[in-house]
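I opened the notebook to log what I looked up in this structure. The entries follow in the order I made them.

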Amino acid sequence: MGWGFFPLDEELALVPGSLTPIQEEHLARLATWMPFARAAEFLGDLTGVHVSAATARRQTEKVGAVYIEVQTQQEQAPFPGADREKEQGEKLVLSSDGAFVSLRHQQWAEVRTLVIGEVEQRGTQARTHHHSYFSRMMDASTFIERAEVETRRRQVLEATAVGFVTDGALWLQELIDLHRPDAVRILDFPHAAQRVAAMGDALTHAGHRLPPQALSRSLHLLKHRGPGFLLNRLTHFQASPQALDALEEPLSYLRKRENMMDYPRYQREGWPIGSGMVESANKTVMQARLKGAGMHWEARHVNPMLALRTAVCSDRWSEAWDQQNSHRLHQRKQSRCEKASHRQEAAAKQMIQAWWFWLRGTKKPVPSTPPVPQPPSPVAPLPEPY
């Protein structure tokens with residue numbers, strides 16, 4: 001006796017386990033939004049099916065791991081509708097950043113998130129909508145390569161125009177170099193403003209008296225006239241050696257990114273100049289589920305949860321569930337076929353061996369049984385004396 005395959009399982013698209021497909025989907029979707037114990041409790045209240053928190057965690061992480069396999073296969077495969085023509089004038093904006101998640105044993109790891117949105121003009125402000133996400137806990141170079149699954153799905157290369165809002169990190173430049181080299185590169189305005197404020201603080205601490213509202217006026221110049229005038233004034237500013245030393249780092253940061261601070265042109269062309277959408281993405285995708293009070297994750301469990309979070313936050317849950325479910329059923333069918341093939345090979349080998357012995361006119365040697373030891377013959381007793 002043992003476990004076997006029942007043909008009706010494949011017809012009903014059943015997967016191993018005690019839950020039906022719809023129950024498993026409900027459990028995984030609940031656990032994607034809330035802690036595992038709460039998800040198991042809600043499943044029992046809504047469907048009458050009671051599972052433990054450990055089962056909820058195990059089932060959800062298994063689904064997420066399979067979805068990662070699906071996305072890995074999709075990196076080079078064509079997407080449905082990839083050959084459709086883009087609407088005239090469609091603009092996409094990308095932004096990426098990192099945030100830290102708490103792991104077990106008092107460790108922290110960086111989760112990188114890429115967000116892609118469409119741009120539309122609302123009055124004088126550029127707004128983004130229709131966001132989608134790709135998020136993983138991995139090193140920068142691997143993330144840059146794996147993000148292709150989302151940039152290809154959103155057809156970043158085929159878009160009419162693409163903007164990329166960044167904080168100026170070097171690995172982000174490599175990301176956009178790979179996925180859309182001609183994108184409009186924009187330094188996040190709050191990051192530039194932070195460096196300008198740091199220079200003002202350095203001058204104040206060094207004893208220089210700045211005019212009232214110096215910071216607000218400097219930021220107004222930067223936003224509406226670009227960086228040239230402000231950087232020129234700061235370069236030739238007469239200050240003490242102590243102040244000049246403090247100005248060196250933020251001023252060098254701005255000089256290296258001067259070509260990314262043409263904010264008047266960006267605003268005229270309808271681009272956002274802030275990275276608010278990726279800050280929101282960090283909170284929506286990662287922090288809302290993985291940074292709860294007292295949460296400390298095993299490293300191997302982070303990416304499966306992130307994969308499901310990106311699917312549900314991008315409003316693609318049904319698509320992701322169908323893909324991973326089909327992948328699991330395909331793997332199960334392939335495993336059955338491999339086992340059947342091994343059994344057929346073993347049976348064929350036995351048949352060939354039997355024919356070989358028959359053709360030679362010999363039989364398999366039968367092991368001889370050892371002789372059964374005989375009990376010793378009895379000895380006649382001596383006569384007793386009278």
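**Entry 1: the sheet, from one edge.** I started with β4 (residues 161–166) and β5, which pair in the parallel sense over 4 bridges. In this pair I found F164 opposite R185 in β5. I note here that the model is predicted.

**Entry 2: the whole sheet.** Next I looked up the strand order. The sheet is open and has 5 strands, in the order β3-β2-β1-β4-β5. Its pairing is mixed. Which strands stand at the edges? They are β3 and β5 (184–187). Each has a single partner strand, so one side of each is left without a neighbour in the sheet. I also checked the twist: neighbouring strands are turned by 25 degrees against each other on average, direction ignored.

**Entry 3: the antiparallel part.** I went on to β1 (residues 91–103) and β2 (residues 107–122). They run antiparallel and are joined by 12 bridges. G98 stands opposite R112 in β2. The hairpin of β1 and β2 has 3 residues between the strands. There I noted H105, with a positive phi near 65 degrees.

Then I took β2 with β3 (residues 125–136). This pair is also antiparallel, with 10 bridges. Here E118 faces its opposite number, H129 in β3. The two strands form a hairpin with 2 residues between them. G123, in the turn, has a positive phi of about 70 degrees.

**Entry 4: helices on the sheet.** I asked which strands helix α13 (residues 276–290) lies across. The answer is β1, β2 and β3, and the helix runs at about 35 degrees to β1. Helix α14 (residues 299–313) packs on the sheet as well, touching β1, β2 and β3. Its direction makes about 145 degrees with that of β3.

**Entry 5: a serine in a loop.** S275 lies in the loop between α12 (263–268) and α13. Is S275 buried or exposed? Its relative accessibility is 8%, and the cut-off for buried is under 20%, so S275 counts as buried. I then listed its contacts, leaving aside neighbours within four places in sequence: S95, V165 and D188.

**Entry 6: a helix pair.** I looked at α9 (residues 214–225) against α10 (residues 227–235). They pack at an angle of about 140 degrees, with axes 7 Å apart. Angles over 145 degrees count as roughly antiparallel. The pair is therefore oblique. From α9, the residues S218, L221, L222 and R225 meet P227, F229 and L230 in α10. By class, this contact has 5 nonpolar, 1 polar and 1 charged residues.

**Entry 7: the cores.** L222 turned up again when I looked up the nonpolar cores. The largest one has 41 residues. Those with the most contacts inside it are L222, L254, M261 and Y263. Where does the largest share of this core come from? It comes from helix α8 (residues 189–205), with 6 residues.

I followed L222 further, leaving aside its neighbours within four places in sequence. It is in contact with F189, A192 and V196. It also touches P227, L230, M261, Y263 and P264.

Apart from the largest core lies another, of 24 residues. M34, F36, L103 and L306 are among them. I placed two of these from the earlier entries: L103 falls within the range of β1, and L306 within that of α14.

Methods: Residues are numbered from 1 along each chain as its sequence is written. This is a predicted model: local features need pLDDT of at least 70, side-chain atom pairs count only at pLDDT 80 or more; totals for chains, interfaces and linings use all residues. Side-chain values use heavy atoms; hydrogens and water are left out. A nonpolar core is a set of buried Ala, Val, Leu, Ile, Met, Phe, Trp, Tyr and Cys residues joined through side-chain atoms within 4.5 Å. Buried means under 20% relative accessible area, exposed over 50%, partly exposed in between (1.4 Å probe, protein chains only). Contact means heavy atoms within 4.5 Å. Two strands pair if DSSP finds at least two bridges between them. Axes are lines fitted to C-alpha atoms, for helices over the stretch in contact, and angles run from 0 to 180 degrees between N-to-C directions. Angles under 35 degrees count as roughly parallel, over 145 as roughly antiparallel, 65 to 115 as roughly perpendicular and the rest as oblique. Ala, Val, Leu, Ile, Met, Phe, Trp, Tyr, Cys and Pro count as nonpolar, Asp, Glu, Lys and Arg as charged, and the others, Gly among them, as polar.
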